[in-house]
Structures are given as structure tokens and as C-alpha cells.
Amino acid sequence: MKITDIETIILRLPEVVANGDNLQDVLIIKVHTDEGITGIGEAHTAPTVLKAIIDAPVSHLTTQGLKPLLVGRDPRRINELWTRMYRHTTSYGRRGVVLQAISGIDIALWDILGKVTGRPVHQLFGGALRDSVPVYASDLSPAEPAAMVELAERHVEAGFRGLKFGWGGLGGDVRHDAKWVGAVREAVGAEIDLMLDMGTPVPFDSAVWLAHALAEQDVYFLEEPLAPDDLDGFAQLVAVSPTPITTGEKETSRFGFRDLIERGGLRIIQPDIARCGGLTEVRRIAALAELRNVRVIPHCWSTDILVSATLQFLATQTDAPYQEFNVMDNPLKTELLVEPIQQQNGAVRVPDGPGLGIELNEEIVERYRWRLDG
Ligand SMILES: [Mg+2]
């Protein structure tokens, strides 16, 4: 069996704006083979930049595009191909966008292996420990506290037991942010897990103040209050914060997560499987985390391709408290699959068809397809 082509497809909403929603455009990857089996993956970052990394021709031994490295090779040899992509990009890769591109291809390779063997990815990982995963509703923060309360009530009504608001109206004044969370807590009661995602950093002293204020509302975690590279800041904040602190959605590779854990002191990390290095790398990251009693709550704000990949992974983990679940009304989330993935009573069933267990709705793919040449 051989890889014949790696196809990159950019999907883009008619209007894209610079807010906290990074599901306005996506890059879908199809790995084609000579046996008619196609693996589906996605990489989550700037789609046109990713496309260039996949398509680039040879420039140097350790500066190569990913597609020429893989065409003609056996897609079932995932460890070998992952290492090949990593080693032949070390002059310009190792972290960041190259790892994000590797992620998308890696997800597609696991989908192929599943389809070849007739097994879901979680079985290839040794079998599931659960057939559904708890999810928390993840929403952008509105500009007004009353609107946040209304959204929170709607999500609880829909069955969610955990809620997160992020970006949007947050981060301007942490005293306002704390008051908003207080209003939501009062509306939804003590049993619901509340989470707050700053998205962009606040001053260190404000983060310390907020972490203490949120503890009074029994907040489940405070996400990204500091800059992603401020590892020493995170270490200091984690040491004094009564609220659990999280980060990691912008981090890549086991080396990056080792630093977050060992230098940053994080007790919860949030790898994104369409960014961190794919299903192959997230399992290495999770093994590292488990050894240090660090919890893994993956970032998952993209299409149902990533949702399925994340479910396949979490199904096999001893500790799987939550998966993020984007509740925005966005066709790239709600319509991309023939059978969209839906939550019920705050949990999502793990797809059990071969590979990722998903099928793209090609009509939707064509409707939102964005061509570089216009
Ligand atoms: Mg976030």
C-alpha cells in the first residue's frame, strides 16, 4: 500500500474577522492511497501557511515539504512517517506550524490504518476504557454580563454540566470578569463546573487577583491568563493560585509540553491534537503528564474531524475528565459530517466505525471550499 497524494482543502466562512473564534477557516487534509482508501485529517492554524509547508519542494536535507517526503511510502508505517516528517523539517520546524501540519497528516494516517484494518482508532490504541466522554460547553464570551448568564442557562438546559466562556468581552478589567462569573454562578447553581478562558494575557498581578477571586466561585480552571511563553510566570502563578491554572492550546510537541509541566508547573495541560503533533504525539504527551500527575483536558475548538480524533484519544485514557465542545452556531462545526457529532446529557459517544469513524459531507466541503487562485 502506498500514498499517492496529500490533498489540502481550505474551508472558509464567507466573512472572517479577527476575533477569538479560530473556526472561521480550516485546513482539511486527505491522504490518498493506491488502494482507494483515503484518510481524513485536519490541522488547525493559518491554513494557507500550512498548505505551503505540506506542498513545499526539497530545499535542503532538513528543510523539506511534507508531501514529497511521504508520497510513495506505506501509510501504515505511522511511527516511521512521523519521524521522517519531524527529522526532515528540523531546520525550520520542531515546534509551531510545522508540528501543526504534521498533526493533520498524522490524524489522516491513523484514519487510514483504521480503515485498512476495519477498526476504530481507539481499538488500535489498545481499546476504549469508556464509550462516551464528558464534554463542557465552550463559548465565546459576549460583551454583556446579562448575555453571558442567558447563554449559560441555555447550555445547562441543553444538558451540559460544565461551561466555559472565553475571549470576547473578557480581559479588559479582571474585576468585571470576576463579577460576570459570580452572576453566572448564581444563575446556574453550585453543581455546574465553570471555566474561564482569558485567551490573551493579563498583567501578572491581575492574574493573581483573578485566580483568588474565581476561587470564591469554585471555578474549575482559569485558562491562559498569561502569555504562552511566560513559563516562569506560570510557575509563580500556579504556586499561589487557589484556582487551577491551564494552558497549552498554542503549544506543540512533547518537548514543549515537558517545559510547560516542568518549568511552568502546570497541573492541567490542554494539547490540541490538530496542533501538538497529532494522535501519535498527544499519546507521548499524555504519558509524560500521567507520570507527573498532570491532567490532560484537550483543546478542541474546530471541526468534527478534530472532535472525533480527540474522542478516540480520550476514550483510551485512564483520566478523561472533560473534552471541550464548541457550541457556536457554525456550519464548519455543525454540518461538515454526514452524521454530525452531538452531545447528549453533557457527554459525547465515541465514534466506533473504522478509523475516525466519520464521513465528510462533500456538499458542505464544496460549499465552503476556498481556492487560492480564486
Ligand atoms: Mg483557549
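User: What makes up the accessible surface of the protein, and how much of it belongs to carbon and sulfur atoms?

Analyst: In this predicted model, the accessible surface of the protein comes to about 15100 Å², and 47% of that area belongs to carbon and sulfur atoms. Turning from the surface to the interior, buried residues make up 56% of the 374 residues.

User: Why is the protein called as compact as a globular protein of its length?

Analyst: The radius of gyration is 20 Å, and the globule rule gives 21 Å for 374 residues; the two values are close, so the protein is as compact as a globular protein of that length. Its C-alpha atoms fill a box of roughly 60 × 45 × 40 Å along the principal axes. Within it, the secondary structure comes to 14 helices and twelve strands, and of the contacts with a separation of 6 or more, 73% are between residues 24 or more positions apart.

User: How do you know which residues coordinate the magnesium ion?

Analyst: A donor has to be an N, O or S atom within 2.8 Å of a metal such as this one. Asp197 (OD), Glu223 (OE) and Glu249 (OE) coordinate the magnesium ion at 2.0 to 2.2 Å, so these atoms meet the cut-off. Along the chain, the donors follow the spacing D-x25-E-x25-E. Aspartate 197 belongs to strand β6 (residues 193-197), whereas glutamate 249 sits in the loop between β8 (245-247) and α10 (253-262), and therefore this pair ties together parts that are 52 residues apart in sequence.

User: Why are aspartate 197 and glutamate 249 described with the word they share, buried or exposed?

Analyst: A residue counts as buried when its relative accessible area is under 20%. Aspartate 197 has a value of 4%, so it is buried, and glutamate 249, with 3%, is therefore buried as well. The strand that holds aspartate 197 is mostly covered too, since four of the five residues of β6 are buried.

User: What makes β5 and β6 a pair of strands?

Analyst: Two strands pair if at least two bridges are found between them. Strand β5 (residues 162-166) and β6 are joined over five bridges in the parallel sense, so they satisfy that condition. Within this pairing, lysine 164 stands opposite methionine 195 in β6.

User: How do you know that β1 and β3 stand at the edges of their sheet?

Analyst: The open sheet of three strands has the order β1-β2-β3, and its pairing is antiparallel. β1 (3-12) and β3 (38-43) each have a single partner strand, so one side of each is left without a neighbour in the sheet, which is what places them at the edges. Neighbouring strands of this sheet are turned by 20 degrees against each other on average, with direction ignored. Strand β2 (residues 25-33) is joined to β3 by six bridges, and valine 31 stands opposite glycine 39 in β3.

User: What makes both faces of strand β11 count as covered?

Analyst: In a regular strand the side chains alternate between the two faces of the sheet. In β11 (residues 323-326), Gln323 and Phe325 lie on one side, Glu324 and Asn326 on the other, and all of these residues are buried. Strand β4 (residues 132-140) pairs with β11 in the parallel sense over four bridges, with alanine 137 opposite phenylalanine 325.

User: Why is aspartate 218 given its label, and why serine 253, buried or exposed?

Analyst: The cut-offs are over 50% for exposed and under 20% for buried. Aspartate 218 has a relative accessibility of 54%, so it counts as exposed, while serine 253 has 0% and therefore counts as buried. Aspartate 218 is in the loop between α8 (204-215) and β7 (221-223), whereas serine 253 is found in helix α10. The backbone angle phi is positive at aspartate 218, near 50 degrees, and positive at serine 253, about 70 degrees, although neither is a glycine.

User: How do you know that glycine 264 is buried, and which residues does it touch?

Analyst: Its relative accessible area is 0%, so glycine 264 is buried, because the limit is under 20%. Glycine 264 lies in the loop between α10 and β9 (268-269). Not counting residues up to four places away in sequence, glycine 264 touches Leu231, Phe234, Ala235, Val238 and Asp259.

Terms used. Residues numbered from 1 in each chain as written. Predicted model: local features only at pLDDT ≥ 70, side-chain atom pairs only at ≥ 80, totals over all residues. Heavy atoms only, no water. Donors = N, O, S within 2.8 Å, 3.2 Å for Na, K, Ca; no water. Helix = DSSP H or I, 4+ residues; strand = E, 2+ residues; numbered from the N terminus. Buried < 20%, exposed > 50% of the residue type's maximum accessible area, 1.4 Å probe, protein only. Axes fitted to C-alpha atoms, helices over the stretch in contact; angles between N-to-C directions. Rg over C-alpha atoms; globule rule 2.2 N^0.38 Å. Contact = heavy atoms within 4.5 Å. Areas by Shrake-Rupley, 256 points an atom, 1.4 Å probe, with all protein chains shown as cover.
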